[in-house]
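Biologist: I'm new to reading protein models and I'd love a guided tour. Could you put one on the screen so that I can ask about it?

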Amino acid sequence: MQGSISNTVQTVKKAHAIYKLILLLGTPASVVLIILAVLIVLIMLLTVLPFLLFAEEGSLNNQGALGSSWGPIQLDADGSNYQWPVPSITRITSYFGIRDIGEGGEAHGGIDIADGAANTELQPIYAIASGTVTIAGTLGTFGQAIYIDHGGGLVSIYGHLDTRMDVEPGSVVNKGQRIGRIGEGKVGRSTGPHLHFEVRVNNKRANPLDYVQPVIQVSSDFSYRPLDIALANRFLMSKKSALADRSILSAIDQAGKAQNVDPMLLLAITGQEQSFVPITKKHAELIVKNPWNVFGCWCSGKGATLTTEQSALIAAKTIVKLSQDRPSNRNAIEWLSAKDNPRGYYAEHAGWWIGVTKFYSVLLNLKE
């Protein structure tokens with residue numbers, strides 16, 4: 001879109017130059033203005049026409065899912081996920097990359113994990129994978145730190161720890177084994193208690209979130225329960241839905257299972273976003289690849305490049321992300337699209353959650 005706007009500006013400038021030239025040649029100004037107006041309208045139509053042609057009713061005022069900020073993660077040697085180092089804390093207060101903590105911009109080689117002093121001090125930390133401890137003790141700006149060599153060039157680093165550690169140099173540890181605790185107060189160069197966690201690959205810093213991700217629990221109101229594919233398929237067939245396909249429903253179930261989200265909630269969102277994608281709907285064969293409108297819309301941009309499996313997983317991750325920080329007095333589904341949700345909102349429309357709730361209730365009450 002930015003490129004189209006730039007092109008439009010350049011075209012208008014050229015048109016203005018032509019306007020001046022025509023005036024010099026004696027052509028009536030009113031005729032020139034009409035020509036220029038028609039030209040500008042045509043340019044604007046060409047800029048937005050592709051979207052207007054492919055957008056379905058309702059998609060122009062619906063922002064769709066936010067998508068997930070978490071990228072794909074690396075797996076341990078046995079194919080399983082690496083262990084999140086602080087199971088009791090899921091909040092990340094500083095990310096990998098350039099940051100400014102009041103002393104100017106600096107490269108932050110890891111992530112900081114904390115949740116206020118009372119919920120952070122002395123919280124236990126665990127090895128992300130099996131390996132051998134190479135450092136355990138006082139170390140520079142970390143104050144107290146532990147290094148674990150996992151083999152294959154992979155090293156994990158845990159900084160700003162309590163002096164009382166559960167390991168020492170040479171200790172062999174297993175994945176998930178407790179190795180120490182977060183320190184109290186300001187340990188080393190820090191502004192308060194937290195775990196500084198790093199991953200290095202062949203002695204080069206890597207984004208830790210490519211290796212570990214916090215385990216976040218969604219509301220128990222819609223935690224994972226196996227999808228009855230046969231039952232859901234019959235319901236969708238009664239709706240003449242393009243989603244009435246066992247492979248599609250299996251993908252939805254797998255996405256829900258992977259993120260601990262009820263597949264029925266994922267289906268309910270397709271009901272609100274795309275009326276369960278009727279087979280008679282224009283472009284139904286494309287919409288089924290992204291009926292959750294993740295990344296804004298199935299019809300354009302990144303949202304148009306996804307498979308059903310990918311969009312289902314992103315939608316599930318988005319639900320997990322938006323479920324966090326919900327006040328106890330707020331409806332779990334309403335919170336997903338609340339404008340005061342600090343992590344964003346699923347859809348622009350204020351009544352989105354009401355529609356999702358209605359469809360979710362219908363799906364949960366399906367009977368054999």
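Biologist: Let's start simple: what percentage of the residues in the protein are buried?

Modeller: Keep in mind that this is a predicted model. A residue goes down as buried when its relative accessible area is under 20%. Out of the 368 residues in the protein, the buried share is 45%.

Biologist: And how many helices and strands does the secondary structure come to?

Modeller: Both kinds of element turn up here, helices as well as strands. The count for the protein is ten helices and twelve strands.

Biologist: Which percentage of contacts between residues at least 6 apart in sequence join residues at least 24 apart?

Modeller: Here we set aside the pairs that are fewer than 6 apart in sequence. Among the contacts left, the ones joining residues at least 24 apart come to 61%.

Biologist: Now the helices. Are helix 5 and helix 6 parallel or oblique to each other?

Modeller: Two packed helices are described by the angle between their axes and the distance between the axes. For helix 5 and helix 6, the angle is about 120° and the axes are 8 Å apart. Angles over 145 degrees would be roughly antiparallel and 65 to 115 roughly perpendicular. This pair is therefore oblique.

Biologist: Which residues of helix 6 make the contact with helix 5?

Modeller: Helix 5 passes helix 6 in a right-handed crossing. On the helix 5 side, the contact uses Leu249, Ile252, Asp253, Ala255 and Gly256. Counting both sides, the contact residues split into six nonpolar, one polar and one charged. The helix 6 side brings in Pro263, Leu266 and Leu267.

Biologist: What about helix 6 and helix 10: at what angle do they pack?

Modeller: Helix 6 covers residues 263-274, and helix 10 covers residues 352-364. Their axes are 8 Å apart. The two helices are oblique to each other, and the crossing is right-handed. The angle is about 130°.

Biologist: How many residues of the contact of helix 6 with helix 10 are nonpolar, polar and charged?

Modeller: From helix 6 come Met264, Leu265, Leu267, Ala268, Ile269, Gly271, Gln272 and Glu273, and they meet Trp352, Gly355, Val356, Phe359, Tyr360, Leu363 and Leu364 in helix 10. Glycine goes with the polar group in this sorting. That gives eleven nonpolar, three polar and one charged.

Biologist: Which helices do the buried residues of helix 4 pack against?

Modeller: First, the residues themselves: helix 4 has Leu231, Ala232, Asn233, Phe235 and Leu236 buried. An α-helix has 3.6 residues a turn, so residues three or four places apart point the same way. The partners of the buried residues of helix 4 are helix 5, helix 6 and helix 10.

Biologist: Phe235 caught my eye. Which residues form an aromatic cluster with Phe235?

Modeller: We've just met Phe235 among the buried residues of helix 4. Phe359 came up too, where helix 10 meets helix 6. In the aromatic cluster, Phe235 is joined by Phe276 and Phe359.

Biologist: How many aromatic pairs does a search of the whole structure find?

Modeller: A pair of aromatic rings is described by the distance of the centres and the angle of the planes. Ring centres have to lie within 6.5 Å to pair. The search finds five.

Biologist: How far apart in sequence are the parts that the pair of Tyr82 and Tyr211 ties together?

Modeller: The rings of Tyr82 and Tyr211 are 5.9 Å apart centre to centre and tilted, with 50° between the planes. Tyr82 is buried at 11% relative accessibility, and Tyr211 is buried at 13%. Tyr82 lies in the loop between helix 2 and strand 1 and Tyr211 in the loop between strand 12 and helix 4, so the pair ties together parts separated by 129 residues.

Biologist: Which strands hold Tyr158 and Phe197?

Modeller: Tyr158 and Phe197 make a tilted pair, 5.3 Å centre to centre with 55° between the planes. Tyr158 has a relative accessible area of 0%, and Phe197 also comes out at 0%. Tyr158 sits in strand 8 and Phe197 in strand 11.

Biologist: Last one: is Phe295 buried or partly exposed?

Modeller: Phe295 is in the loop between helix 7 and helix 8, and it has a positive phi of about 60° without being a glycine. Its relative accessible area is 29%, which makes Phe295 partly exposed.

Note on methods:
Residues are numbered from 1 along each chain as its sequence is written. This is a predicted model: local features need pLDDT of at least 70, side-chain atom pairs count only at pLDDT 80 or more; totals for chains, interfaces and linings use all residues. Side-chain values use heavy atoms; hydrogens and water are left out. Axes are lines fitted to C-alpha atoms, for helices over the stretch in contact, and angles run from 0 to 180 degrees between N-to-C directions. Helices (H or I, at least four residues) and strands (E, at least two) are DSSP runs, numbered from the N terminus. Angles under 35 degrees count as roughly parallel, over 145 as roughly antiparallel, 65 to 115 as roughly perpendicular and the rest as oblique. A crossing is left-handed if the near helix is turned anticlockwise from the far one by less than a right angle, and right-handed if clockwise. Contact means heavy atoms within 4.5 Å. Buried means under 20% relative accessible area, exposed over 50%, partly exposed in between (1.4 Å probe, protein chains only). Rings of Phe, Tyr and Trp (its six-membered ring) pair if their centres lie within 6.5 Å; planes under 30 degrees apart count as stacked, over 60 as edge-to-face and the rest as tilted.
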